[in-house]
Amino acid sequence: MKKILSVFAYIWASLGTLTILVAFIGMGSWQQLSLNLPFMRVDPQYSGGAVVDSVVRNNLKISIHENVFPGVFRQSGNGFVQIDVNQCPADTIRIDSLLINNKITTISATPEKAEADGFEIEDFVKLADRWIIRLKIEK
């Protein structure tokens, strides 16, 4: 009886070891599969929210995201709207007459400073080929 129990214990341990190896070796593919599930999504605080409008000005593709009011249990009163300026390797940009939240604004940015008429800049970053600019908004 002891011999039979020890054989089952070794088989059980071997199966557990194989399961752990498969789980860790296939971690990347498991991650991709889980991210494609319909209920998985990235928090808008990190992604900027869904794109609601796209504009092409001066050979720049500008994506305007939805308004985001981050909060734990309910939306906060202060939020942001994210602007992505794609295909822009230049160190300075200037965009005139851009409609954001029913306000026409002009955005200008350098790696040190960004400005928008009628809005306060929450954050901005210059990447290799695009700009990401977040404008503060209130409800």
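**Hairpin, sheet and confidence**

Colleague: In the hairpin that E1 and E2 form, which turn residue has a positive phi?
Modeller: E1 and E2 make a hairpin with 2 residues between them. Strands here are DSSP runs of E with at least two residues, helices are runs of H or I with at least four, and both are numbered from the N terminus. In the turn, the residue with a positive phi, about 50°, is asparagine 58.

Colleague: Before we go on, what kind of model is this, and what average pLDDT does the protein have?
Modeller: It's a predicted model, where local features need pLDDT of at least 70, side-chain atom pairs count only at pLDDT 80 or more, and totals for chains, interfaces and linings use all residues. Residues are numbered from 1 along each chain as its sequence is written, and side-chain values use heavy atoms, with hydrogens and water left out. pLDDT is the predictor's confidence in each residue, from 0 to 100. In this protein 100% of the residues score at least 70, and the average is 88.

Colleague: Which element has the lowest mean pLDDT?
Modeller: At the top end sits strand E8 (residues 131–138), with a mean of 94. The lowest mean among the elements is 77, and it belongs to helix H2 (residues 27–35).

Colleague: Back to the hairpin: how many bridges join E1 to E2?
Modeller: Strand E1 covers residues 51–57 and strand E2 covers residues 60–68, and they run antiparallel. One of the matches is arginine 57, whose bridge partner in E2 is leucine 60. Two strands count as paired if DSSP finds at least two bridges between them; for E1 and E2 the number is 6.

Colleague: And in E3, what is the bridge partner of isoleucine 62?
Modeller: E2 also pairs with strand E3 (residues 78–86), in the antiparallel sense over 6 bridges. Across that pairing, isoleucine 62 has as its partner valine 85.

Colleague: Why is one side of E4 and of E6 left without a neighbour in the sheet?
Modeller: These strands belong to an open sheet of 3 strands, ordered E4-E5-E6 with antiparallel pairing. Strand E4 (93–100) and strand E6 (114–116) stand at the edges, so one side of each has no neighbour in the sheet. The reason is that each has a single partner strand.

Colleague: Which residue in E5 stands opposite leucine 99?
Modeller: E4 and strand E5 (residues 103–109) pair in the antiparallel sense over 6 bridges. In general, strands of a sheet pair through backbone hydrogen bonds, either parallel or antiparallel. Opposite leucine 99 you'll find isoleucine 104.
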